[in-house]
Amino acid sequence: MGADVGLLEVVAGILLVGAAAVTLWAPRLAAAVSFIGFGVVLSAFWAVMGAPDIALAEAALGAGVTGALFIETVTRHDQTGTREGPWWPGAVAAALLAAALVPSLAATAAATAKAPTADLVEDMLPATGMEHPVTGVLLAFRAYDTLLESGVLMMAGVAALALRREAAPSAPLGRKSAAAPVPPVLSAGTDALVWLVRVIAPVLLLAGLWLLFAGSTDSGGAFQSGAVLAAMLILLRVTGTVPDWLTAAGSDALLRLSLVIGVVVFIVAGLLGPLAGQPWLSWDGGWAFAAILTVEILLTVGIAAGLYALFISLGGADEVVQS
Amino acid sequence: MSAVLLYLLLGTVVTVAGTVRMLLVRDLMARLVAMNLVGSGSLLILLALGARSEETDPVLSALVITGLVITVAFTGFGAVLIRRIEEVRAEDAAGMDSAAPGGPGGPGDPGGEQR
């Protein structure tokens, strides 16, 4: 990757910095929209840097789901009252931070090193039954990190659902707040959007499942797949085309079960190692691939449920379409 | 200039701008957005260091994906918290409105100074 900078990279870099500047200094709605643009440019950068897995995750998680969360937050509140302080503390702090960071990073970049871990991963990968190094690292070599990370997402979903429940004991699905009136998010062109979502939802489902199973041999995996599936659910919910079994009375129980099942099965699968006389969270031998695939499928369910739980905790979009 | 140096530079610019904005802005939503940009910028620096070798380091790639997931988790929870905080503030302001005609922005505005 010691290649020189081409024109394309310079243009993309200007785009990235411009999108970041708009995201940071624009009013709320413009910032949220610009954040999605920033995510798209950044995912192009990940792809150029030789990390298609991160590009997929950035597009689905960073730009997609986070963008939906920001848009949902800003369109439900009309508080744009950002009171600005004086400009000079920011300028001084930026200059100091940049002065500290740039020389050390430049020195590090000059020392081109062969990543020692890449060879290790290459050598150990066949033992996991996985062919794609990033998936192997996530689910076999650094399984502990992945478990804790899924736990963080699960806890965030649980905490968000708890806040939502406390706020609305009488209305389990969304609610109308007296203090913050809901603006008509989907006033014009709703029909076209509903039609579009009906068409692309099956495609998103297929894409999510493909990302999940492609993860063992190619770019993709549980996190990208879960994010795409959560995006599908969010789109269905925003347009009011959620299937009946997702809005029925039992759907909250289903959501809670999906939220925890990934982490629970991960822990149980991790205990298989000690039973076979091996360390905790280690999969070896013939059943390594089966164990990792099972964990990955249920982890995907848990991730999709966690992201969806975060979104619906922001307030139901059900009543918007109906009104 | 090598490509890695450009990535490092971009990561630094985004991180520094995001940090400064996050520390100085009063609007909670803008703070959360800035926090996301700090995360993105530092992940860019991280992967730029992993992209120095011929093949991008899979361990660092996995670490960056972990970072993205953690970011979306805290962002979602933060957004829910912001929503609740602003609901309470709006209710307080409405209460002040009906109690005293001065309303928000007056000397008794409860949430104004803490923002």
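Here is a short back-and-forth about the two chains shown above.

Student: Before we start, what kind of model is this, and how are things numbered?

Tutor: Residues count from 1 along each chain as written, chains are lettered from A in the order written, and side-chain values use heavy atoms, without hydrogens or water. Local features need pLDDT of at least 70 and side-chain atom pairs 80 or more, while totals for chains, interfaces and linings use all residues, since this is a predicted model.

Student: How far does helix H12 of chain A reach from its first C-alpha to its last?

Tutor: Helices here are DSSP runs of H or I with at least four residues, numbered from the N terminus. H12(A) covers residues 288–313, which is 26 residues. The expected span is 1.5 Å times one less than the number of residues, giving 38 Å here, and the model comes close to that at 37 Å.

Student: How many residues of H12(A) are buried?

Tutor: Buried means under 20% relative accessible area, with a 1.4 Å probe and protein chains only. H12(A) is mostly covered, and of its 26 residues the buried count is 19.

Student: Which helix gives the most to the largest nonpolar core?

Tutor: A nonpolar core is a set of buried Ala, Val, Leu, Ile, Met, Phe, Trp, Tyr and Cys residues joined through side-chain atoms within 4.5 Å. The largest one has 103 residues, and Leu307(A) and Trp283(A) are among those touching the most other members. With 14 residues, the top contributor to this core is H12(A).

Student: Which residue of chain B does Leu307(A) touch?

Tutor: Contact means heavy atoms within 4.5 Å. Leaving out residues up to four places away in sequence, Leu307(A) touches several chain A residues, including Leu61(A), Val65(A) and Leu153(A). Its partner from chain B is Val72(B).

Student: Why does Thr15(B) count as buried?

Tutor: Thr15(B) sits in helix H1 of chain B, residues 3–24. Beyond four places away in sequence, Thr15(B) touches Val38(B), Gly41(B), Ser42(B) and Ile45(B). Thr15(B) counts as buried because its relative accessibility is 11%.

Student: How many helices and strands are there in chain B?

Tutor: Strands are DSSP runs of E with at least two residues. From the N terminus, the elements of chain B go α-α-α. Buried residues make up 58% of its 115 residues. The tally for chain B is three helices and zero strands.

Student: Which residue just after H12(A) takes a positive phi?

Tutor: Look right past the end of H12(A). The phi there is about 125 degrees, and the residue is Gly315(A).

Definitions and conventions:
Buried < 20%, exposed > 50% of the residue type's maximum accessible area, 1.4 Å probe, protein only.
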